[in-house]
Amino acid sequence: MAEATAATTPDPAAIAALKHVGLVGGLTETKVSCAALGDRLDASTQTASRRLQTLEAAGYIERDVVGDGQWVRVTDAGEAALRAEYADYRRLFESDVDLSLRGAVTGGMGEGRHYITLPGYADQFRERLGYEPFPGTLNVDLSEESVRRRGEMAGIDAVPIDAWEDDDRTYGAASCYGVTLVAGDDRYEEVHAIVPDRTHHDDDQLELIAPERLRDALDLDDGDAVEIRVAATTRADAAGEEASETEAETEVA
Ligand SMILES: Cc1cc2nc3c(=O)[nH]c(=O)nc-3n(C[C@H](O)[C@H](O)[C@H](O)COP(=O)(O)O)c2cc1C
Ligand SMILES: Nc1ccn([C@@H]2O[C@H](COP(=O)(O)OP(=O)(O)O)[C@@H](O)[C@H]2O)c(=O)n1
Ligand SMILES: [Mg+2]
């Protein structure tokens with residue numbers, strides 16, 4: 001079984017250039033000159049040009065060079081990177097992140113069951129999530145809008161599942177986000193969206209685990225619309241709780 005690898009991520013300087021392209025209209029399409037971009041970034045025209053090349057190579061922008069500049073459009077991957085930045089700021093300043101993703105139930109590659117039941121993962125699920133998941137992952141094909149918004153999950157606290165190895169190979173780490181799965185008038189609260197570091201799926205699929213077979217619990221078939229409400233606890237919340245606990249302890253002492 002081939003192991004998928006993550007693509008290289010542009011550095012913060014390239015992300016700053018991407019933000020500027022977005023601000024001048026690049027989320028649809030905009031004409032950019034490297035001289036103006038350089039001014040804005042306090043860098044030379046050559047540096048600005050290199051940043052655009054980096055962003056293009058990473059698949060974050062598409063470019064069409066013309067005589068007096070270039071038309072630039074931020075791609076979905078680029079927008080997701082900007083939304084991940086946005087999530088960091090929300091985490092800093094907001095305690096109530098409201099993220100709801102939508103999509104349709106779909107079948108996957110039949111591998112979820114294998115991974116979920118491996119002892120190296122199953123033991124961690126039991127200890128850290130407090131339940132033994134049904135063997136498999138319910139796959140959700142996210143809407144275009146939700147594919148763009150899923151980058152915001154970076155700002156929400158996840159339960160980490162560590163990498164491990166056996167005699168034959170290594171197994172990658174994963175993050176579990178507490179979610180509520182809503183289907184019509186029914187909902188299932190004890191669900192986690194599991195995001196493996198290594199996966200064969202693109203960003204458009206989100207995998208869910210739960211103590212029960214969700215297709216039975218919520219009477220789901222392929223194609224059924226579902227909403228995934230990501231729990232509104234952020235690191236800002238957690239920091240606030242820790243601070244008030246410390247204050248309370250100080251008062252008692
Ligand atoms: C807990 C967990 C760990 C995973 N670890 C790996 C891994 O180490 N290497 C890998 O190639 N894929 C890994 N995967 C991803 C699977 O290869 C695959 O992308 C996905 O889980 C298939 O699910 P499906 O059968 O529902 O389509 C992992 C998946 C899960 C759920
Ligand atoms: N909590 C869960 C996990 C998996 N499932 C389903 O259980 C089956 C096995 O999961 P899987 O991940 O091995 O298979 P696919 O998602 O690749 O089809 C699939 O039909 C999933 O949709 C579920 O209904 N509820
Ligand atoms: Mg699955």
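## Where ligand 1 sits

The space that ligand 1 takes up is the second largest pocket, in what is a predicted model throughout. Around this ligand there are 23 residues, and those that come closest are Met109, Glu111, Gly172, Thr199 and His201. Divided by class, the shell around ligand 1 holds 9 nonpolar, 9 polar and 5 charged residues.

With regard to secondary structure, helix H5 (112-117) and strand S10 (186-196) each contribute at least two residues to the shell around ligand 1. The largest share of that shell comes from H5, which supplies 3 residues.

## Polar contacts and burial of ligand 1

Two backbone positions have polar atoms paired with oxygen atoms of ligand 1: a polar backbone atom of Gly112 is 2.8 Å from an oxygen of the ligand, and a polar backbone atom of His200 is likewise placed 2.8 Å from a ligand oxygen. A side chain takes part as well, since a polar side-chain atom of Thr137 lies 2.9 Å from an oxygen atom of ligand 1. Taken alone, ligand 1 exposes 630 Å², and the protein buries 99% of that area.

## Where ligand 2 sits

For ligand 2, too, the space taken is the second largest pocket. The shell around ligand 2 is made up of 16 residues, of which Gly110, Arg113, Thr137, Leu214 and Arg215 come nearest. By class, this shell comprises 5 nonpolar, 7 polar and 4 charged residues.

Three elements, namely helix H5 (112-117), strand S5 (138-142) and helix H8 (214-217), each supply at least two residues of the shell around ligand 2. Helix H5 therefore appears in the description of both ligands, as it also supplies at least two residues of the shell around ligand 1.

## Polar contacts and coverage of ligand 2

The backbone approaches ligand 2 at two consecutive positions in the numbering: a polar backbone atom of Met109 is 3.0 Å from an oxygen atom of the ligand, while a polar backbone atom of Gly110 is 2.6 Å from a ligand oxygen. From the side chains, a polar atom of Arg215 lies 2.7 Å from an oxygen atom of ligand 2. On its own, ligand 2 has 520 Å² of accessible area, and the protein covers 87% of it.

## Residues named for both ligands

Met109 is listed among the closest residues to ligand 1, and its backbone also provides a polar atom 3.0 Å from an oxygen atom of ligand 2. Thr137, in turn, is among the residues that come nearest to ligand 2, whereas its side chain places a polar atom 2.9 Å from an oxygen atom of ligand 1.

How values were computed
Residues are numbered from 1 along each chain as its sequence is written. Chains are lettered from A and ligands numbered from 1 in the order in which they are written. This is a predicted model: local features need pLDDT of at least 70, side-chain atom pairs count only at pLDDT 80 or more; totals for chains, interfaces and linings use all residues. Side-chain values use heavy atoms; hydrogens and water are left out. A residue is near a molecule or strand if one of its heavy atoms lies within 4 Å of it. A polar contact is a pair of N or O atoms within 3.5 Å; within protein, one must be able to donate a hydrogen and the other to accept it, and residues adjacent in sequence count only if both atoms are side-chain atoms. Accessible areas come from the Shrake-Rupley method with a 1.4 Å probe; for residues, only the protein chains shown count as cover. On a 1 Å grid over the protein atoms alone, a cavity is a set of points where a 1.4 Å probe fits but cannot get out, and a pocket is an open set with protein on both sides within 12 Å along at least five of seven lines; lining residues have an atom within 4 Å of a point. A molecule sits in a cavity or pocket if more than half of its atoms lie within 2 Å of its grid points. Helices (H or I, at least four residues) and strands (E, at least two) are DSSP runs, numbered from the N terminus. Ala, Val, Leu, Ile, Met, Phe, Trp, Tyr, Cys and Pro count as nonpolar, Asp, Glu, Lys and Arg as charged, and the others, Gly among them, as polar.
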